[in-house]
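Q: I'm new to this one and would like a close look at a single part of it, with enough of the surroundings to get my bearings. Please take it slowly.

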Amino acid sequence: AQSLHAIQIAELADHDGWQLLIKLADELGQGDMARAFRGALEEEDRHLETIRELVEKSCLSEAGAG
């Protein structure tokens with residue numbers, strides 16, 4: 001559970017980093033770059049959702065509720 005939580009924190013930081021890169025690219029008029037970053041963010045969204053599901057299952061299992 002602790003390892004999954006650490007991965008979740010890393011994924012959240014990664015997600016926020018992509019969001020910031022998109023904003024920077026947009027602000028600097030780099031539309032092509034921003035679009036590429038949005039594609040990466042979509043993949044990060046999937047990673048984050050997977051980790052959230054795993055963390056939830058782990059917590060429920062540890063509590064005897066899963």
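A: Let's start with the words for how open a residue is: buried means under 20% relative accessible area, exposed means over 50%, and partly exposed is anything in between. Keep in mind too that what you see is a predicted model. Gly17 is a handy case to try the words on: its relative accessible area is 29%, so Gly17 lands in the partly exposed class.

First, some bearings. The protein has two helices and zero strands. Helix H1 covers residues 2-27 and helix H2 covers residues 31-62. Lay the C-alpha atoms along their principal axes and they fill a box of roughly 50 × 15 × 10 Å. The radius of gyration is 15 Å, while a compact globule of 66 residues would have one near 11 Å. Only a share of the chain is tucked away: 20% of the 66 residues count as buried. About 4800 Å² of the protein is exposed, and carbon and sulfur atoms supply 55% of that.

Now for the part to look at closely: Arg38 and its partner. Arg38 sits in helix H2 and forms a salt bridge with Asp26, with the closest N and O atoms 2.5 Å apart. A salt bridge here asks for such a nitrogen and oxygen to be within 4 Å, so the pair qualifies. What does this pair tie together? Asp26 is in helix H1 and Arg38 is in helix H2, so the bridge links parts that are twelve residues apart in sequence. Neither end is buried: Asp26 is partly exposed at 38% relative accessibility, and Arg38 is partly exposed as well, at 35%.

Stay with Arg38 for a moment. Setting aside residues up to four places away in sequence, Arg38 touches Ile22 and Asp26. Then there is Leu21, 17 residues from Arg38 in sequence, with 9.2 Å between the two C-alpha atoms.

That bridge has company, because the structure holds two salt bridges. In the other, the side chains of Arg35 and Asp32 meet at 2.3 Å, N to O. This pair stays inside helix H2, where Arg35 and Asp32 are three residues apart, about one turn of the helix. Are its two ends buried or exposed? Arg35 is exposed, at 52% relative accessible area, and Asp32 is exposed too, at 61%. So one bridge joins H1 to H2, and the other lies within H2.

Next, follow helix H1 away from Asp26. Gly17 is in this helix, and its C-alpha atom is 9.2 Å from that of Leu41, a residue 24 places away along the chain. Leu41 turns up again with His15, another residue of helix H1. Leaving out residues up to four places away in sequence, His15 touches Leu41, Glu44, Asp45 and Leu48. At 13% relative accessibility, His15 is under the 20% mark, so it counts as buried.

Further along comes Glu11, also in helix H1. Apart from neighbours within four places in sequence, Glu11 is in contact with Glu44, His47, Leu48 and Ile51. Glu44 and Leu48 are among the residues that His15 touches, and Glu11 has both of them on its list as well. How does Glu11 fare for a charged partner? Glu11 is buried yet has no salt bridge, and the nearest side chain of opposite charge, Arg52, is 9.8 Å away. A bridge would need a side-chain nitrogen within 4 Å of a carboxyl oxygen, so Arg52 is out of range for Glu11.

Ile7 is one more stop in helix H1. Ile7 is partly exposed at 39% relative accessibility, and its C-alpha atom is 15 Å from that of Cys59, which is 52 residues away along the chain.

To step back, two whole-protein numbers go with this tour. Among contacts with a separation of 6 or more, 62% come from residues 24 or more positions apart. As for charge, the protein has 6 positive and 14 negative charges, and the mean positions of the two sets are 5 Å apart. If you keep one picture in mind, make it Asp26 in H1 and Arg38 in H2, tying the two helices together.

Terms used
Residues are numbered from 1 along each chain as its sequence is written. This is a predicted model: local features need pLDDT of at least 70, side-chain atom pairs count only at pLDDT 80 or more; totals for chains, interfaces and linings use all residues. Side-chain values use heavy atoms; hydrogens and water are left out. Helices (H or I, at least four residues) and strands (E, at least two) are DSSP runs, numbered from the N terminus. Buried means under 20% relative accessible area, exposed over 50%, partly exposed in between (1.4 Å probe, protein chains only). The radius of gyration is taken over C-alpha atoms; the globule rule is 2.2 Å times the number of residues to the power 0.38. Contact means heavy atoms within 4.5 Å. Accessible areas come from the Shrake-Rupley method with a 1.4 Å probe; for residues, only the protein chains shown count as cover. Lys and Arg count as positive and Asp and Glu as negative; His and the chain ends are not counted. The place of a charge is taken as NZ of Lys, CZ of Arg, CG of Asp or CD of Glu.
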